[in-house]
Amino acid sequence: MTQESSHAGRTAGLHRVVVIVDANSNPFELGCATEVFGLRRPEIGRDLYDFGLCSPEPRTLMRDGFFTLTGVAGLEAADTADTLIVPNRPDVEVPRRTAVLDAVRRAHARGARLLGFCSGAFTLAEAGVLDGRRATAHWQWADSFRARFPSVRLESDVLFVDDGDILTAAGSAAALDLGLHVVRRDHGAEIANSVSRRLVFAAHRDGGQRQFVERPMPDLPDESLAPVLAWALERLDSPLTVADLAARATVSPATLHRRFRAQLGTTPLTWLTGERLALACRLIERGESRLEVVARRSGLGTAANLRTLMRRETGITPSAYRRRFGPAVT
């Protein structure tokens, strides 16, 4: 029996996410999509998406013959997607099949959102929908990608790129980062945090972080940032500085900066600002309407600073965020 969705039949009104699985597709990224978009959410009390898989063939041999996927919908299911996740495969030099590329083009033409995980950027570029657009792909394929698709603005040293209706993730784990980013964009920070807790995965890593982090053998037995991060998260409303974090970690600011780069792929200030903004979003979602209070409790200082950061990071104002994700007005 062909399975149209991860659930028993389509759920009316839910945003429809469809993954195209093609020959030699990577199982990990398929698993990431299923985990983020396909599972029921009893801890939230409602489903977030209507999810399904489709393939151009009744039997799809996955990467390196690990297993064969059967029982999913035909490629026509891609035409029902509000968000279409395109195939990613390790054989990036092998052309994608015409039927798959045509499905991607049709989805783009009718305004569906497109997601490419890892080498999925090659599928999007081959379909012609990335010309003149920003995108990323796994760093090991950056030179090959640029040579084949010079009209695409490849950003090869970031986790993911959100270019509006087309989003791309750099590598395997970055698929989870991008998936949670999409949940955050669709449903708000509180829901994205709930999904990330179930995944036991970081709730929010900025897309501009580096694809790979250096992990040299430490000179000391324990250089983990976990204690200082936990300490800071309990004090986001305080006027914390990088110097405060360094003092708590009993290292110099320069050493703290190197550890953040090595362990998190970002800077202390960028991490601190991102956590404060995430807290501000949660406060708005929980019903706090006074921007001065949100700014103060999240450590962002002023309502003006909150407005600037929210518009820069989410693309919308605090008022628009409240209308979209705040408590329903009765």
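## Cavities

The largest cavity encloses about 60 Å³ of space, where a cavity is a set of points, on a 1 Å grid over the protein atoms alone, at which a 1.4 Å probe fits but cannot get out, and a volume is the space filled by probe spheres set on points joined across faces, edges and corners. By this rule there are two cavities of 30 Å³ or more. The model is predicted, so that local features need pLDDT of at least 70 and side-chain atom pairs count only at pLDDT 80 or more, while totals for chains, interfaces and linings use all residues. Residues are numbered from 1 along each chain as its sequence is written, and side-chain values use heavy atoms, with hydrogens and water left out.

Lining residues, which have an atom within 4 Å of a point, include Val19, Asn26, Glu29, Pro87 and Phe117 for the largest cavity. By class, this lining has eight nonpolar, three polar and one charged residues.

## Nonpolar cores

A nonpolar core is a set of buried Ala, Val, Leu, Ile, Met, Phe, Trp, Tyr and Cys residues joined through side-chain atoms within 4.5 Å, buried meaning under 20% relative accessible area with a 1.4 Å probe and protein chains only. Of the 35 residues in the largest such core, Leu84 and Phe145 touch the most other members.

Leaving aside its neighbours within four places in sequence, Leu84 is in contact (heavy atoms within 4.5 Å) with residues including Val18, Ile20, Val104 and Leu115. Apart from this core lies another, of 34 residues, among them Phe51, Leu167, Ala170 and Val195.

Conventions: Buried < 20%, exposed > 50% of the residue type's maximum accessible area, 1.4 Å probe, protein only. 1 Å grid on protein atoms, 1.4 Å probe; cavity = no way out; pocket = protein on both sides within 12 Å on 5 of 7 lines; lining within 4 Å. Nonpolar A, V, L, I, M, F, W, Y, C, P; charged D, E, K, R; others polar.
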